Amino acid sequence: MTYSKPLANRLREVILHGTWIANTNFRAQLESLDWQVATTSLAPLNNIALLAQHTHYYIQGIKNALNLGVLGLSDAQSFTFPKIQSEADWKSFLEMFWSDTEQLANQIESMSDEVLNQSFIDEKYGNFLRNFDALIEHSYYHLGQIVLIKKMILNTSKSKT
């Protein structure tokens, strides 16, 4: 048995359609969320849109690294994005998030165990498997933040009415 298919499905679970680990996923939390709620800030926390963009940044960056053989990610740039200023901006971002996630999952799924155990771009980053696991764990971390922030925002708006 290869690890690539279960690994790809774990990425799909956290972002697109799973409920096994957290009983939710990014799509379930974000798809019906109004852009204004997604961009509401509760100091000192990051807003929901920023956390989603940050998570997507790493998914897109790893997908691009697999295509180009060069890792173009920078932690310093991982929270620097154009502001979401409309529902159209929000929906466009979400479609890109879902699409890039599925593309990366497909790339992972096609890898052999031998490739998963090879160095990821540069030896200093460890192997592909470790990086994909880290991406999934990192995504669950931010999913938890999004769930809590969303509850705080929606409960605050309910108490005002």
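Is R27 buried, partly exposed or exposed? In this predicted model, R27 has a relative accessibility of 27% and so counts as partly exposed, given that the buried class ends under 20% and the exposed class begins over 50%. The partner of R27 is E31, and the two form a salt bridge in which the closest N and O atoms are 3.4 Å apart. E31 is likewise in the intermediate class, because its relative accessible area is 36%.

A search of the whole structure gives 7 salt bridges. Salt bridges with shared partners join K5, R12, E102 and E109 into one network, and two of the links in question run through E109. In one of them, E109 pairs with K5, with 3.2 Å between the closest N and O atoms. Since E109 belongs to helix 5 (residues 87-109) and K5 to helix 1 (residues 4-17), this pair ties together parts that are 104 residues apart in sequence. In the other, E109 pairs with R12, and here the closest N and O atoms are 3.3 Å apart. R12 also lies in helix 1, so the link to E109 in helix 5 ties together parts that are 97 residues apart in sequence.

The accessibilities of these residues help to complete the picture. E109 is partly exposed, with a relative accessible area of 26%, and K5 is partly exposed at 47%. R12, by contrast, counts as buried, because its relative accessibility is 7%.

Helix 5 itself can be checked for length. Its 23 residues should span 33 Å at 1.5 Å a residue, and the C-alpha atoms at its ends are 33 Å apart, so the two values agree. The buried residues of helix 5 are W90, F93, L94, F97, W98, D100, T101, L104, A105, Q107 and I108. A general point about helices is handy when reading such a list: an α-helix has 3.6 residues a turn, so residues three or four places apart point the same way.

One of the buried residues of helix 5 is F93, whose relative accessible area is 6%. Leaving aside neighbours within four places in sequence, F93 is in contact with A52, Q53, H56 and I84. F93 and Y3 are 90 residues apart in sequence, and their C-alpha atoms are 30 Å apart in space.

Attention now turns to the pockets. The largest pocket has a volume of about 270 Å³. Helix 4 (48-68) and helix 7 (128-160) are the elements that give two or more residues to its lining, and helix 7 provides the largest share, 4 residues. The lining is made up of Y58, I62, L71, L73, S74, D75, F120, Y125, N131, A134, L135 and H138. Sorted by class, these lining residues comprise 8 nonpolar, 3 polar and 1 charged.

H138, one of the residues that line the largest pocket, also appears among the contacts of H54. H54 is found in helix 4 and counts as buried, because its relative accessibility is 4%. Neighbours within four places in sequence left aside, H54 is in contact with S78, F79, F81, H138 and H142.

Note on methods: Residues are numbered from 1 along each chain as its sequence is written. This is a predicted model: local features need pLDDT of at least 70, side-chain atom pairs count only at pLDDT 80 or more; totals for chains, interfaces and linings use all residues. Side-chain values use heavy atoms; hydrogens and water are left out. On a 1 Å grid over the protein atoms alone, a cavity is a set of points where a 1.4 Å probe fits but cannot get out, and a pocket is an open set with protein on both sides within 12 Å along at least five of seven lines; lining residues have an atom within 4 Å of a point. Grid points are joined across faces, edges and corners, and a volume is the space filled by probe spheres set on the points. Ala, Val, Leu, Ile, Met, Phe, Trp, Tyr, Cys and Pro count as nonpolar, Asp, Glu, Lys and Arg as charged, and the others, Gly among them, as polar. Buried means under 20% relative accessible area, exposed over 50%, partly exposed in between (1.4 Å probe, protein chains only). Contact means heavy atoms within 4.5 Å. A salt bridge is a side-chain nitrogen of Lys or Arg within 4 Å of a carboxyl oxygen of Asp or Glu. The expected span of a helix is 1.5 Å times one less than its number of residues.
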